[in-house]
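Subject: Structure for you to look at

Dear colleague,

Please find below the structure that I promised to pass on, with its sequence. I would be glad if you could open it beside this message while you read my notes.

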Amino acid sequence: MGILRNFSIRTKATVTIVLVSTAVLALALSVVLTRDYFTFREDELDKLTTLARVISANSTAAVAFEDREAARDGLGKLATDPNIKAAFIWANNDQFASYLRPGESGAQAMADELRAAGTVDRTIRDDRKDMFVQVPISLDGETIATLYLVADLSRIQARMQEYF
């Protein structure tokens, strides 16, 4: 500490205490921000899963009676949530109904990619800047279709921008 050589012991102790306190505060803040980030991500994924389960339950009759128009109308209600990028219902190895947010493209490629995910029920894909869930549509305990729901990460990004 060549810089503090000419200062009194009291000043040196004060500077040391301030530096250590600042370092501890910065470390504590980074822990809180990291925890909040991961907790918020999980909360957003839980909300998307809940929404998918509601849409799935509301789509059961449309799939059971093979009413594609009713299924499309049900998925169309997702337009009220600006974070939803796409939704697909797959039944009998065919795309039964779909919703694509205005401005989005590549619906078929997105649907094929989600189906290829197979056993992954829900995940956040940082490389794609989105998250998706896969929920079965069931009737009398039997799976008759699968709903795929994709949302962007804009809420998470907005939350992080609040801090910086």
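What follows are my notes on the sheet, the helices, the cores and a few single residues.

This is a predicted model, in which local features need pLDDT of at least 70 and side-chain atom pairs count only at pLDDT 80 or more, while totals for chains, interfaces and linings use all residues. Residues are numbered from 1 along each chain as its sequence is written, and side-chain values use heavy atoms, with hydrogens and water left out.

I begin with the sheet. Five strands form an open sheet in the order β2-β1-β5-β4-β3, with antiparallel pairing; strands (E, at least two residues) and helices (H or I, at least four) are DSSP runs numbered from the N terminus, and two strands pair if DSSP finds at least two bridges between them. Because β2 and β3 stand at the edges with a single partner strand each, one side of each is left without a neighbour in the sheet. The twist averages 15° from one strand to the next, where axes are lines fitted to C-alpha atoms, for helices over the stretch in contact, and angles run from 0 to 180 degrees between N-to-C directions. β1 and β2 pair over six bridges in the antiparallel sense, and F88 has S98 in β2 as its bridge partner. Strand β3 (residues 122-125) pairs with β4 over four bridges, again antiparallel, and here R122 is partnered by V133 in β4. These two strands, β3 and β4, form a hairpin with four residues between them, and K129 in the turn has a positive phi of about 55°.

Next come the helices. α1 has 56 residues and reaches 82 Å from its first C-alpha to its last, close to the 82 Å expected at 1.5 Å a residue, the expected span being 1.5 Å times one less than the number of residues. There is nevertheless a kink of about 35° in α1, centred on N58; the bend at a residue is the angle between axes fitted to the seven residues ending there and the seven starting there. α1 lies across β1, β2, β3, β4 and β5, running at about 35° to β4, whereas α2 lies across β1, β2 and β5, at about 30° to β2.

As for the interior, the largest nonpolar core has 28 residues, and those with the most contacts inside it are L75, L78, I89 and L149. Such a core is a set of buried Ala, Val, Leu, Ile, Met, Phe, Trp, Tyr and Cys residues joined through side-chain atoms within 4.5 Å, and buried means under 20% relative accessible area, exposed over 50% and partly exposed in between (1.4 Å probe, protein chains only). The largest share of the 28-residue core, seven residues, comes from α1. A second, separate core of nine residues includes A86, A111, F132 and V150.

Finally, some single residues. S59, found in helix α1, is buried at a relative accessible area of 4% and touches I89 and I137, not counting residues up to four places away in sequence, with contact meaning heavy atoms within 4.5 Å. N92, in the loop between β1 and β2, has a positive phi of about 55° although it is not a glycine, and N92 is exposed, with a relative accessible area of 70%. D140, in the loop between β4 and β5, also has a positive phi of about 55° without being a glycine, and D140 counts as exposed at 80% relative accessibility.

With best wishes
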